[in-house]
Amino acid sequence: MKENEDKEAMIQALLPKTSGRKTEDDEFLSCSYKNLIFGTLLLLGGLLYLQVANTSSCQYTLSIVAPAYGYQSDTVPQIPAEPSWIKEETEETEEKICTPKDLVGALAINFDMSKVEERYKEMAVENQEYFENGEHLPKDCEVAPKKNIAIIIPFRDMTADLFRTKQFHYFLYYIVPILHRQNNHFAVYLVNQANDGSPFNRAKLLNIGFDVAKDDGFDCFFFHDVDLVPENDKNIYECLDTPRHYSGYIDKFNYKLPYNTIFGGITAFTAEAFEKINGYSNEYWGWGGEDDDLERRTIGGAKYKLVRPSPQITRYKMIKHDHETSNKPNPNRVKLLKAWNKHNQFDGLNSLNYELIERNNEVFYKNITVDLKYEERIPLQELLGNG
Ligand code: UDP
Ligand code: MN
């Protein structure tokens, strides 16, 4: 009896204060009692919903919402300050990208011709394991874009003592270990002009090297004389979007620029930049002018800035040589250069014609022999804008 009275009192206390007939009160009481049970069920249902949502894919929302309800079960995951997968991937990517290994800085370079073959053999024994199909490709890291480097060398040896060939061997003797330490993908393309009695054409050979190497998948192109050797392995061979002149500082010129716009010896271009300027002119036959024509196309035509890497680091030693009697100065070079913007639109990569006579992969380089089609050249008057 006492128990019933207590219960009644409790229920009464919960009820809104009303006046009215007993029957109504009785009815009201039973209704309120039902409402209370219904409300409790609703509340329990809500809690159950939260618990279920907590283990579903709504976790992220819940962990923000739940604390506002004072609800935080052990199963609510804590959101890490920084998603862990981003960190892991960054670390992994950094590890994978190739970076130079064991650079030594300044190098002692000397060209004792009596030692060239012996030195070359020594270098070959030590380095051949890093090469396949005439290419150097690091195995334990990923090569960054613009570091798949094709070094294109214009070449023809008409000397009795094979002096240019010896220069090439010295070039490889030094450049192979340097670029191996720089730890990127590279190949040297030796582009030989077939000995057909026509004048030497450095620029057209370089355009052909570009054409072949780009097809082979390279994305950075060094147009490189055979007789220049870097004096420091921190002189990194790589391309930027802006073309660069590498060989501004040569021992022969006391490491000073002979003139400000000099662009000969070695230049580095991405495919995009080289195509934008339509490459070299194909029509400089004989010595001189083609490098200045390239400067006009790059700086004057395409409005790139003239950029050179560090004068302290990017120094070169040149193998001393006389100019070949077979490579006489081009008598048209001054006229052609003055008219550079009369022919740059139709004389270059877009008019490149040649025949690939032979190509094969040596251990340290790719050997290509081409016919330059001297008889099919563009008439001089057309190149000068008088056509
Ligand atoms: N070259 C060559 N055979 C020649 C003339 C030139 O192989 O008969 C190549 C070689 O790569 C050389 C480049 O063309 O380094 C430029 O020629 P050279 O060295 O005569 O020019 P310079 O020293 O005046 O820049
Ligand atoms: Mn030279």
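The largest pocket here has a volume of about 890 Å³. It belongs to a predicted model, where local features need pLDDT of at least 70, side-chain atom pairs count only at pLDDT 80 or more, and totals for chains, interfaces and linings use all residues. On bookkeeping: residues are numbered from 1 along each chain as its sequence is written, chains are lettered from A and ligands numbered from 1 in the order in which they are written, and side-chain values use heavy atoms, with hydrogens and water left out.

**The pocket**

- A pocket, on a 1 Å grid over the protein atoms alone, is an open set of points where a 1.4 Å probe fits, with protein on both sides within 12 Å along at least five of seven lines; lining residues have an atom within 4 Å of a point.
- Its volume is the space filled by probe spheres set on the points, with grid points joined across faces, edges and corners.
- The lining runs to 37 residues, and the closest to the pocket centre are Arg202, Asp225, Trp287, Asp291 and His323.
- Strand 3 (148–155), helix 9 (290–301) and helix 10 are the elements that give two or more residues to that lining.
- By class, the lining splits into 15 nonpolar, 11 polar and 11 charged residues; Ala, Val, Leu, Ile, Met, Phe, Trp, Tyr, Cys and Pro count as nonpolar, Asp, Glu, Lys and Arg as charged, and the others, Gly among them, as polar.

**The chain overall**

- The chain has 12 helices and 12 strands, which are DSSP runs numbered from the N terminus (helices are H or I with at least four residues, strands are E with at least two).
- Of the 387 residues in the chain, 46% are buried; the cut-offs are under 20% relative accessible area for buried, over 50% for exposed and in between for partly exposed, with a 1.4 Å probe and protein chains only.
- Take the contacts between residues at least 6 apart in sequence: 78% of them join residues at least 24 apart, where contact means heavy atoms within 4.5 Å.
- Accessible surface adds up to about 21,400 Å², with 54% of it on carbon and sulfur atoms; areas come from the Shrake-Rupley method with a 1.4 Å probe, and for residues only the protein chains shown count as cover.

**The manganese site**

- Asp227 (OD) and His321 (NE2) coordinate the manganese ion (ligand 2) at 2.1 to 2.4 Å.
- Asp227 sits in the loop between strand 5 (220–224) and strand 6 (228–230), and His321 in the loop between strand 10 (315–318) and helix 10 (333–338), so the pair ties together parts 94 residues apart in sequence.
- Donors are N, O and S atoms within 2.8 Å of the metal (3.2 Å for Na, K and Ca), and sites may look incomplete because water is not among the atoms.
- Asp227 is buried, at 5% relative accessible area.
- Val226 shares the loop between strand 5 and strand 6, and at 4% relative accessibility Val226 is buried too.
- Val226 touches Ile153, Phe155, Arg164, Gln167, Phe168 and Phe171, leaving out residues up to four places away in sequence.

**Helix 9**

- Helix 9 is mostly covered, with 9 of its 12 residues buried, among them Glu290, Asp291, Asp292 and Asp293.
- The cover over those buried residues includes helix 7 (202–215), strand 9 (266–270), helix 8 (271–276), helix 10 and helix 11 (340–343).
- Gly300, also in helix 9, is partly exposed at 32% relative accessibility.
- Beyond four places in sequence, Gly300 touches Glu295 and Trp340; the C-alpha atoms of Gly300 and Trp340 are 9.8 Å apart, with their positions 40 residues apart along the chain.
- Lys303 follows helix 9 and has a positive phi, near 65 degrees.

**Other spots to click on**

- Most residues other than glycine have a negative phi.
- Asn254 has a positive phi of about 55 degrees, and Tyr255 has one of about 60 degrees.
- Asn254 lies in the loop between strand 8 (249–250) and strand 9, and at 53% relative accessibility Asn254 is exposed.
- Arg181, in helix 6 (residues 163–182), is buried at 19% relative accessible area.
- Contacts of Arg181 beyond four places in sequence include Pro100, Asp102, Leu107 and Asp233.
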